[in-house]
Amino acid sequence: MHRRAVLAGLGAVAASAPVAQAAQKPGWMSPLLPEGTRDAATLVRLPGKQPLIELTNRPPNYETPIDAFSNVITPNDRFFIRYHLGEIPDMDALKNWSLTIGGDAAERPLKLTMADLKKDFAQTEITAVCQCSGNQRGLFEPHVPGVEWGYGAMGNAVWRGVRLKDVLAKAGVKPGALEIWMGGADGPVMPATPPFRKSLPVQLAQRDDVLLAFSMNGQPLPHLNGFPLRVIVPGWTGTYWIKHLTSLEISTKPLPNFWIQKAYRVPAGMFPVDLPFTSQNDNATWPITEMVVNSVVATPLDGAKVTRSGFTVRGVAWDRGHGIKTVEVSFDGGTSWKPAVLDKDLGKYAFRGFSLASGALPPGPCKVMARAVSNAGETQATTLLRNPAGYHRNLPQTLTVSVA
Amino acid sequence: MMYRTIALTSLLLASPALADDVPLKPGPGVETVEANCAACHTTNYIRMNAPFLSPDTWKAEVTKMRVAFGSPIDDDVAKEIVAYLVAQYGAKP
């Protein structure tokens, strides 16, 4: 009955509302989203969460309203939720949690409890962006099938945990290890559906900042953000950040699984990467891995009314781990650009906050844009880099406010 | 194994569309869609992916559910589902 318990929790708001009463709608959704998405989305408050934009409740897919990105750290109760498969163990079931480490390239297979993890390994922290590969998919033109995310399938948090490489070292990594296979406690409704598993190149797993995190912004991970332990892969898209992590396998072979070999692929060479995932590449496609440079304006909202004395643009920029060099803002639809003021640097994998005051403005529409440049010199796309699954959209956001 | 057991139990319990799913548009095949698709996911996936998918793309989505995700639906049922999706939630001509 564990699933029922989760569903009861998820459906709490919707189920208790009288049928005749209209569901609450998000305050703002991009007009670029499909008509059906704007019609279907509702604003729902899950247990322990502020209202999020519900795209689907089974499996749960909820995005963060865009105004949340006026804060550089995304609070746990506003952090987005993304699942592929419908069977999610509830908190009671997760109390029996443990992590097994094995595989054909493990010297000493072992099993760890949370107490073991906290006692036997050095703890560390990193501030890093977790962004769904398909964030902004709903803004693709033409539209592509999938979960039709707007801007909010992402968040930036302080993750605390232990280093993946330390845990792997405890099990002993044999020569010939190729990938680390990862699996979580959530699973499919039907046994024939492939479980959601992913792998990492063994070189990446040796990086100091790839963590197994039990804490998010100083609190235990929220249930639907991966309690009690999730993988943190700074710079890589959220698909590798396995939630409810229960198994690590040190393997000499590429993981044979739908979710890495058929799904989550991008055209070979279309997007820049520093560490290619060569064991999962083929001639035509590569697994999606490192994020692209991007920025989002959190305030003002598209369509807002502002006064002639002006307003302040505020948002966040991020990339795949080189850090943000500059963010520029335009108040005239891209004709002229001014450098924004960057907030304090919270690390190369974190959101970089930015802001810029418009100054006094003439009455009428004002078209605001923002664009970021990374320390690698990478810039946001000027035309959409189309790919079948709708990944990595990073066109500069354009919003129009009305000055009166 | 614990989770697999849970999955089978809930599959037996699952009514076609859960009470909190917004009903799909009426039309030939709607009961078939709700009985099959909603076993694993909310029918909001359909409402969300509309109205922009071509008949071929809707067919490819249903094929993905059968081939990649192991949905146990046969050819006739699949045809009925695709016809419904194209008619009610397909790209506008």
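Chain A contains an open sheet of five strands in the order β18-β25-β24-β20-β21, with mixed pairing. β18 (305-306) and β21 of chain A stand at its edges with a single partner strand each, so one side of each has no neighbour in the sheet. Strands (E, at least two residues) and helices (H or I, at least four residues) are DSSP runs, numbered from the N terminus. Two strands pair if DSSP finds at least two bridges between them.

This is a predicted model, in which local features need pLDDT of at least 70 and side-chain atom pairs count only at pLDDT 80 or more, while totals for chains, interfaces and linings use all residues. Residues are numbered from 1 along each chain as its sequence is written, and chains are lettered from A and ligands numbered from 1 in the order in which they are written.

**Strand pairing in chain A**

The table lists strand pairs of chain A, with one facing residue pair for each.

| Strand pair | Sense | Bridges | Facing residues |
|---|---|---|---|
| β20(A) (324-330) and β24(A) (364-374) | antiparallel | six bridges | S330(A) and M369(A) |
| β20(A) and β21(A) (338-339) | antiparallel | two bridges | V329(A) and K338(A) |
| β18(A) and β25(A) (398-403) | parallel | two bridges | V306(A) and V403(A) |
| β19(A) (312-318) and β23(A) (352-357) | antiparallel | six bridges | V313(A) and L356(A) |

In the five-stranded sheet, β20(A) pairs with β24(A) and also with β21(A). Strand β20(A) is mostly covered, with five of its seven residues buried. A residue is buried if 20 or more other C-beta atoms lie within 10 Å of its own, exposed if 12 or fewer, and partly exposed in between, with C-beta atoms placed from the backbone.

An open sheet of four strands in chain A has the order β17-β19-β23-β22, with antiparallel pairing. Its edge strands are β17 (294-299) and β22 (341-342) of chain A, and each pairs on one side only.

**Domains of chain A**

Chain A is divided into domain 1 (2-82), domain 2 (91-287) and domain 3 (294-403); these bounds come from an automatic or database domain assignment. The C-alpha centres of domain 1 and domain 2 of chain A lie 24 Å apart. In the contact between them, 26 residues of domain 1 of chain A meet 24 residues of domain 2 of chain A. Two residues are in contact if their C-beta atoms, placed from the backbone, lie within 7 Å.

On the domain 1 side of this contact, the elements that give two or more residues are β2 (52-57), β3 and β4 of chain A. By class, that side has 15 nonpolar, nine polar and two charged residues. Here Ala, Val, Leu, Ile, Met, Phe, Trp, Tyr, Cys and Pro count as nonpolar, Asp, Glu, Lys and Arg as charged, and the others, Gly among them, as polar.

**A68(A) and the nonpolar core**

Where does A68(A) lie in chain A? A68(A) is in the loop between β3 (60-63) and β4 (81-82) of chain A. A68(A) counts as buried because 21 other C-beta atoms lie within 10 Å. Leaving out residues up to four places away in sequence, A68(A) touches T74(A), R78(A) and A298(A). A68(A) and R78(A) are ten residues apart in sequence, and their C-alpha atoms are 7.4 Å apart.

The largest nonpolar core has 123 residues, and those touching the most other members are I180(A), L211(A), L212(A), V231(A), I232(A) and V368(A). A nonpolar core is a set of buried Ala, Val, Leu, Ile, Met, Phe, Trp, Tyr and Cys residues joined through C-beta atoms within 7 Å. Beyond four places in sequence, the residues that I180(A) touches are L168(A), S199(A), L200(A), V202(A), A205(A), L248(A) and I250(A).

**Chain B**

Chain B has five helices and zero strands, so its elements run α-α-α-α-α from the N terminus. Of the 93 residues in chain B, 33% are buried. Among contacts in chain B between residues at least 6 apart in sequence, 62% join residues at least 24 apart.

**Confidence**

The predictor gives the complex an ipTM of 0.93 and a pTM of 0.93. Chain A averages a pLDDT of 95, and 95% of its residues score at least 70; pLDDT is the predictor's confidence in each residue, from 0 to 100. Over residues 1-9 of chain A the pLDDT is below 50, and this stretch has 14 contacts in the model beyond near neighbours in sequence. Residues 11-20 of chain A also have pLDDT below 50, with ten such contacts.

For chain B the mean pLDDT is 85, and 78% of its residues reach 70 or more. Over residues 1-17 of chain B, pLDDT stays under 50, and the model has 26 contacts for them beyond four places in sequence.
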